[in-house]
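The following account leads through a structure one sheet at a time. Please keep the sequence and the coordinates at hand while reading.

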Amino acid sequence: MEFPGQKFKPTKDRFSKARGGPSKFLYIACENCDEPTMVYQKDGPGRLLRCYADRIVWPPELVDQQREVDATTIKEAGALACGSCESILGTPMIYKQEDRAAYRIVPGAIQTFRSAEQYQARQE
Ligand SMILES: [Zn+2]
């Protein structure tokens with residue numbers, strides 16, 4: 001897959017307000033094989049420790065899949081895996097404070113970029 005060229009518009013809701021500060025999009029690629037795996041809206045400051053299911057904005061198939069997932073079903077949803085090499089990138093969890101479906105990022109499993117261009121520049 002290739003990262004999309006389109007720009008995304010951040011979702012603003014009670015979750016992003018609770019984090020404070022601006023939201024940004026992270027272009028996440030597999031550390032093992034460099035495959036683009038998703039675009040994710042990160043709300044507020046700090047390192048990316050988990051990805052909330054409702055903040056995945058690309059690819060469309062994954063977005064659709066996550067729409068079906070909530071805190072009651074996330075544990076059955078299975079891990080987030082690279083579509084190319086099948087490395088496990090995140091494991092399902094419930095963020096209890098917000099009763100919210102998420103994936104705990106496996107340390108060292110992903111690379112993050114601020115844009116598709118930044119990802120491409122790295123490849124050269
Ligand atoms: Zn991979």
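How many bridges join E6 to E7? The model, which is a predicted one, has 6 bridges between E6 and E7, and the two strands run antiparallel. One point on this pairing is Gly-90, which stands opposite Ile-105 in E7. The connection between E6 and E7 is a hairpin with 4 residues between the strands, and Asp-99 in its turn has a positive phi of about 50°.

These two strands belong to an open sheet of 4 strands, which follow the order E3-E7-E6-E5 with antiparallel pairing. Strand E3 (50-52) and strand E5 (80-81) stand at its edges; each has a single partner strand, and therefore one side of each is left without a neighbour in the sheet. In general, strands of a sheet pair through backbone hydrogen bonds, in either a parallel or an antiparallel manner.

The edge strands may now be taken in turn. E3 is joined by 3 bridges to strand E7 (residues 100-105), and the two run antiparallel. Within this pairing, Cys-51 has Tyr-103 of E7 as its bridge partner. At the other edge, 2 bridges join E5 to strand E6 (residues 88-95), again with the strands antiparallel. Here the bridge partner of Leu-80 is Gly-90 in E6; Gly-90 also stands opposite Ile-105 in E7. E5 and E6 form a hairpin with 6 residues between them, and Glu-86 in the turn has a positive phi of about 70°.

A further open sheet has 4 strands in the order E4-E2-E1-E8, and its pairing is antiparallel. Its edge strands, strand E4 (56-58) and strand E8 (110-113), each pair on one side only. From one strand to the next, the twist averages 35°. Strand E1 (residues 23-30) pairs with strand E2 (residues 36-43) in the antiparallel sense over 7 bridges, and Leu-26 stands opposite Tyr-40 in E2. Helix H2 (residues 60-67) lies across E2 and E4 and runs at about 150° to E4.

One residue of the segment before helix H1 (14-19) remains to be considered, namely Lys-12. Is Lys-12 buried or exposed? Lys-12 counts as exposed because it has 11 C-beta neighbours inside 10 Å, and the cut-off for an exposed residue is 12 or fewer. The C-alpha atom of Lys-12 is separated by 13 Å from that of Val-57, a residue 45 positions away along the chain.

Conventions:
Residues numbered from 1 in each chain as written. Predicted model: local features only at pLDDT ≥ 70, side-chain atom pairs only at ≥ 80, totals over all residues. Pairing = 2+ DSSP bridges. Buried ≥ 20, exposed ≤ 12 C-beta atoms within 10 Å, placed from the backbone. Axes fitted to C-alpha atoms, helices over the stretch in contact; angles between N-to-C directions. Contact = placed C-beta atoms within 7 Å.
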